[in-house]
Every structure is written in structure tokens, then in C-alpha cells.
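Student: I am new to this structure and would like to look closely at a single part of it. Could you take me through that part slowly, and then show me some of its surroundings?

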Amino acid sequence: MTATQAPPSAPEVLARCRDLVRPALREAVGRLHPWVAEMAAYSFGWCEVGGAPATAPGGKGVRQTLAVLGAEAAGADGRAGVPAAVAVELVHAFSLLHDDIMDGDPTRRRRPAVWKAYGTGPAVLAGDALFALAVETLATVPQGAGAVRLLSAALADLVRGQADDLLFATRPCTGPERVTPGEYRAMAEGKTGALLGCAAALGAVLGGADETTAGALDLAGRHLGVAFQLVDDVLGLWGDPTVTGKPVGGDLRERKKTYPVLAALESPKAHGLPELLDAPGRAVEAAALIEAAGGRTAALAEARAHTAAARELLARAPLAAGAAGDLCRLLDHLVDREL
């Protein structure tokens, strides 16, 4: 980039990194059993049921982008981070396949979820295959042993976060057994932040970064994960379903203890909210009361606090300037998305 050129926007960075990773990701998926590979390709939006080519919307590619930028932040060519990008993207896809089954979500990115399109058993099998493929992908790089350990630790945190998220739905809204905002943050760091942090750290490790630099990127990614989950919570309650693909009030009907709900419950303005939360048919009323009680404002303020913490970590770490700038723009883009 010359002095007269504007830095790339976050969408441009995401697109560049997706283009860099896509051939390796397709090659990896192509090594699977043909039927399993079809389900994986369907989950990525590459094909329809039966294998006919498709151009369905895929994910933003946040995790693969973090892996590429992690390598670049360490001073390496972004291609050094491609194996890490492929591995984390495969693990993310695996987690989504199983997450949709656990939550009973029938759609993913405006198409039938894999379990609805192919059946629950096949979807579980495809998820297992994607995880095994991720481990294989990392095991073949020179830093394979350490890389696999990083990924395994992140997956353990992801599972803990997912377990807490499922259990939160069974806990009361008030009283000593209620879910606290602190418990929510720990859940979000595991469920969402662990893999984001792992992506950046893995890319940095493959790019030759030392342990301290990789650790700073890991922690910054975890802060980003909490912020990302907080914004997801807000979009789940007040986002435009034609933009987000999320049904309005879906989290409330599933009795999820999202941050806006927890923050609102601590406000004296939330009188009557526990009763509304126990009535799935009154989700619209509940969302209005949560907003009036400050739940939306509190969630967005918390998201921006975690973004600021991530930026501070990036500013203190010895990162290549261009990649550090790309990482900061990505942070802001993900927290401000569609709000």
C-alpha cells in the first residue's frame, strides 16, 4: 500500500483472505468420503443436496481471516497461515452442524440446516469428519504437535462454553440460581471467543511468532469473541431477519439467557419481565421491555468494552503494522455489523 492509498476496508480484508484460503479448504474437503464431502460442501454453500453446484451464501470467514492475519502480523506471508485457516474453518463448520442439532434450528444461512437436509445421523457424521480433517490438516505442518495442542485446548473451551449455554436455559431468571453477567462472559469466551483467539494465535505460530505474541493474539481474539456474541444477542432480539437470517424472538422462545436479558433483569424497570420470559408467545413484548430496561444499551456497551480491550492488546504486541491495522478494522466491523 502506498502513502496515497486508503487502507483496505474490513469487507475487502475478509474477501482477500477467503480467496486465499478457499482452494486449500476445497482440497481438504475433497479428501473426505464422497457423501460426507457433499454434506460438508452443502454446509459451506458450495452445492445443493445431491451435489449440484450452488452459490449459496456462506459465512463471513472471520476465523480463516484471523488465521491469515495472524501469520501476517508475525511478519510472514499470509499463505503461511492457510493450514491454520483451513483447520479453524473446518472446526467452526463442525461446531455449527452439531449446534444446529442441539438447538433444533431447522435453517442455517436461509437454507435447511444439514440435519434437516440429510438427517440427524448423517449430520453428526459429517461434523465428526470435519473435526478429524481439521486435526489432520494441522498435524501435517512442521509445527504440527504444538498447533494441534492449541486447537485441542480451544475446542475444550468451546465445549465448556456450549455446555454452559445449554444449561443456562434450565436456570431461573431470578434468585440465587440465576445466571450472572460474569457467568455469561465466561460462557461467551469459551463458546465463541476460544476459536477466534485460537485462529489468530495458530496463524501467528505458523508465521513464526513467539509464544508471547501468539498469546496476545489469542487473548485479543477471545475478547472479540465475547463482543461478537454480545452483538449476536442484540441481533437475535432486534435485528432485521431479512438481513440476519435469524427469526425475531427466537432466543427468547428458546429461553436463552442472553446478555440483554441478564442486564435487563438487574434493572428496576424490568418489572414483569420474568413472567414474559416464561411465555414464549409474548416474545415481542419481552423484547420491548428488555430494551426499555436498558438491556440493549448494556449489551452494546459491554461489546465495545471488549473491543477496546482487544485493541489495547494488539497495540502492545509487536505486530507488523499492516496486519495490525487490518485486525483493528476487522474488530470494529464485526461489532458494528448490521446494528
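Student: How many residues line the second largest pocket, and which of them lie nearest its centre?

Tutor: Please keep in mind from the start that this is a predicted model. The second largest pocket is lined by 33 residues, and those that lie nearest its centre are F44, P57, G58, G59 and R109. The space within this pocket comes to about 600 Å³. Several elements take part in the lining, for α1 (10-29), α2 (34-43), α4 (82-103), β2 (111-112) and α5 (114-118) each give at least two residues to it, and the largest share, six residues, is supplied by α4. Sorted by class, the lining of the pocket is made up of 16 nonpolar, nine polar and eight charged residues.

One of the residues nearest the centre of the pocket, R109, deserves a closer look, and it is found in the loop between β1 (107-108) and β2. Its phi is near 55°, which is a positive value in a residue other than glycine. As a general background to that value, most residues other than glycine have a negative phi. R110 also has its place in the loop between β1 and β2, and its phi, near 65°, is again a positive value in a residue other than glycine. As for accessibility, R109 has a relative value of 27% and therefore counts as partly exposed, and R110, with a relative accessible area of 48%, is partly exposed as well.

Let us now turn from the pocket to the helices, beginning with α9, which spans residues 211-238 and holds R222. The relative accessible area of R222 is 15%, so this residue is buried, the limit being under 20%. When residues up to four places away in sequence are not counted, R222 touches D157, E189, G193, A194 and G197. A220 is also placed in helix α9, and it is buried because its relative accessible area is 5%, which falls under 20%. Leaving aside neighbours within four places in sequence, A220 is in contact with A310, L313 and L314. A220 and G249 are 29 residues apart along the chain, and their C-alpha atoms are separated by 30 Å.

Of the contacts of A220, A310 and L314 lead us to helix α15, since both appear among the α15 residues that meet helix α16. The axes of α15 (residues 295-316) and α16 (residues 321-336) come within 10 Å and cross at roughly 175°. With an angle over 145 degrees counting as roughly antiparallel, α15 is therefore roughly antiparallel to α16. On the α15 side the contact is formed by A303, R304, T307, A310, R311 and L314, and these meet L327, C328, L331, D332, V335 and D336 in α16. By class, this contact of α15 with α16 has seven nonpolar, one polar and four charged residues.

A last stop is D164, which is found in helix α7 (residues 144-168). Its relative accessibility is 33%, so D164 counts as partly exposed. D164 and G190 lie 26 residues apart in sequence, and from C-alpha to C-alpha they are 9.3 Å apart in space.

Notes
Residues are numbered from 1 along each chain as its sequence is written. This is a predicted model: local features need pLDDT of at least 70, side-chain atom pairs count only at pLDDT 80 or more; totals for chains, interfaces and linings use all residues. Side-chain values use heavy atoms; hydrogens and water are left out. On a 1 Å grid over the protein atoms alone, a cavity is a set of points where a 1.4 Å probe fits but cannot get out, and a pocket is an open set with protein on both sides within 12 Å along at least five of seven lines; lining residues have an atom within 4 Å of a point. Grid points are joined across faces, edges and corners, and a volume is the space filled by probe spheres set on the points. Helices (H or I, at least four residues) and strands (E, at least two) are DSSP runs, numbered from the N terminus. Ala, Val, Leu, Ile, Met, Phe, Trp, Tyr, Cys and Pro count as nonpolar, Asp, Glu, Lys and Arg as charged, and the others, Gly among them, as polar. Axes are lines fitted to C-alpha atoms, for helices over the stretch in contact, and angles run from 0 to 180 degrees between N-to-C directions. Angles under 35 degrees count as roughly parallel, over 145 as roughly antiparallel, 65 to 115 as roughly perpendicular and the rest as oblique. Contact means heavy atoms within 4.5 Å. Buried means under 20% relative accessible area, exposed over 50%, partly exposed in between (1.4 Å probe, protein chains only).
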